[in-house]
Amino acid sequence: MAAKVLVLVGSESDREAMQGCLEYLDRFGIQHEFQVSSAHRSPEKTRLTAMSARADGYRVIICGAGMAAALPGFVASLTSLPVIGVPLAGSHLSGMDSLHAIVQMPPGVPVATMAIGKAGAKNAAIFAAQILGVASEEFEAKIDDFKAQLASG
Ligand code: RP5
C-alpha cells in the first residue's frame, strides 16, 4: 500500500490556509486525505481518527489549527505516527496563540511545528515528503529535484 498523509484541520474555516499544503502534497504525488476534525468540538471523532490512522495506511499526520490549537498535540498523544503541526492565524492574536499551543508540547509528546499560516502549510507538506523520503527512493528523488529547483531560483 502506498504511504498516505492525513491532513486534519480543526474547522472548515481552516481550509483556505491549508490549500498550499494540499497543492504541495499533489506536487510530490503523495496520496492524502483532508478531514475537518476538532479536538475541542468533536474529540471522540478525532480520537478514533488518530488511533486508526496507521492501520488506515497513513504514515504522517499534518494538523492545522487556530486559536487554542489542541488538535496536533491531541492527535500526537494518540498515535505513533509523526505529527506535523501548522499554527493558523485568524484570531485577535494572529496565530501567536496557536503557535504557542502547538510548539509548547510537554516532554514525551513531540509535534513538529511549522511557521504560522500559509508558509507553514506548504512546509508541512514538504516536511512530510522528506519524512517519507527516509524510506523511499522515489520521494527522496522528488525532494532532491525540489531542492535543486529552489537553488536555481
Ligand atoms: C480552531 O478554532 C480551528 O482550528 C479554527 O482555526 C478556529 C476557529 O474555528 P471556527 O470558529 O472558524 O470554526 O479550533
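This is a walk through the fold of one protein chain, from its overall build down to a few side chains. Please keep in mind that the model is a predicted one.

Let's begin with the chain as a whole. Its secondary structure amounts to six helices and five strands. Read from the N terminus, these elements follow the pattern β-α-β-α-β-α-β-α-β-α-α. The C-alpha trace spans about 40 × 35 × 30 Å along its principal axes. For 153 residues, a compact globule would be expected to have a radius of gyration near 15 Å, and the chain, with 15 Å, agrees with that. Contacts tell a further part of the story: among those with a sequence separation of 6 or more, 67% link residues 24 or more positions apart. As for burial, 45% of the 153 residues count as buried. The surface that the chain exposes comes to about 7,700 Å², and carbon and sulfur atoms supply 55% of it.

Now turn to the sheet. In what order do the five strands of the open sheet lie? The order is β2-β1-β3-β4-β5, and the pairing is parallel. Strands β2 (31–36) and β5 (112–113) stand at the edges with a single partner strand each, so one side of each has no neighbour in the sheet. Helix α4, residues 96–103, packs on this sheet, where α4 touches β3, β4 (83–88) and β5. The direction of α4 makes about 160° with that of β4. Elsewhere in the sheet, β1 (residues 4–9) pairs with β3 (residues 58–66) in the parallel sense, over six bridges. If you would like to find one of these pairings on screen, look for Val 9, whose bridge partner in β3 is Gly 64.

Helix α1 is a good next stop. Which residues of α1 (residues 19–27) are buried? They are Gly 20, Cys 21, Leu 22, Tyr 24 and Leu 25. The cover over these buried residues includes the strands β1, β2 and β3, together with the helices α5 (118–133) and α6 (137–151). Just after α1 comes Gly 29, which takes a positive phi of about 70°.

Helix α6 also holds Glu 138. This residue has a relative accessible area of 47%, which makes Glu 138 partly exposed. The side chain of Glu 138 is joined to that of Lys 142 by a polar contact of 3.1 Å. Glu 138 also gives a view of how the chain folds back on itself in sequence terms: Glu 138 and Phe 28 are 110 residues apart in sequence, while their C-alpha atoms are 9.6 Å apart in space.

The last stop is Ser 91, found in the loop between β4 and α4. Is Ser 91 buried or exposed? Its relative accessibility is 19%, and the cut-off for burial is under 20%, so Ser 91 counts as buried. The side chain of Ser 91 has polar partners of two kinds. One is a backbone atom, the nitrogen of Leu 93, reached at 3.1 Å. The other is the side chain of Asp 97, with a polar contact of 2.6 Å. Setting aside neighbours within four places in sequence, Ser 91 is in contact with Met 67 and Asp 97. Asp 97 therefore appears here both as a polar partner and as a contact beyond those sequence neighbours.

How values were computed. Residues numbered from 1 in each chain as written. Predicted model: local features only at pLDDT ≥ 70, side-chain atom pairs only at ≥ 80, totals over all residues. Heavy atoms only, no water. Pairing = 2+ DSSP bridges. Helix = DSSP H or I, 4+ residues; strand = E, 2+ residues; numbered from the N terminus. Contact = heavy atoms within 4.5 Å. Axes fitted to C-alpha atoms, helices over the stretch in contact; angles between N-to-C directions. Rg over C-alpha atoms; globule rule 2.2 N^0.38 Å. Buried < 20%, exposed > 50% of the residue type's maximum accessible area, 1.4 Å probe, protein only. Areas by Shrake-Rupley, 256 points an atom, 1.4 Å probe, with all protein chains shown as cover. Polar contact = N/O pair within 3.5 Å; in protein donor to acceptor, adjacent residues only side chain to side chain.
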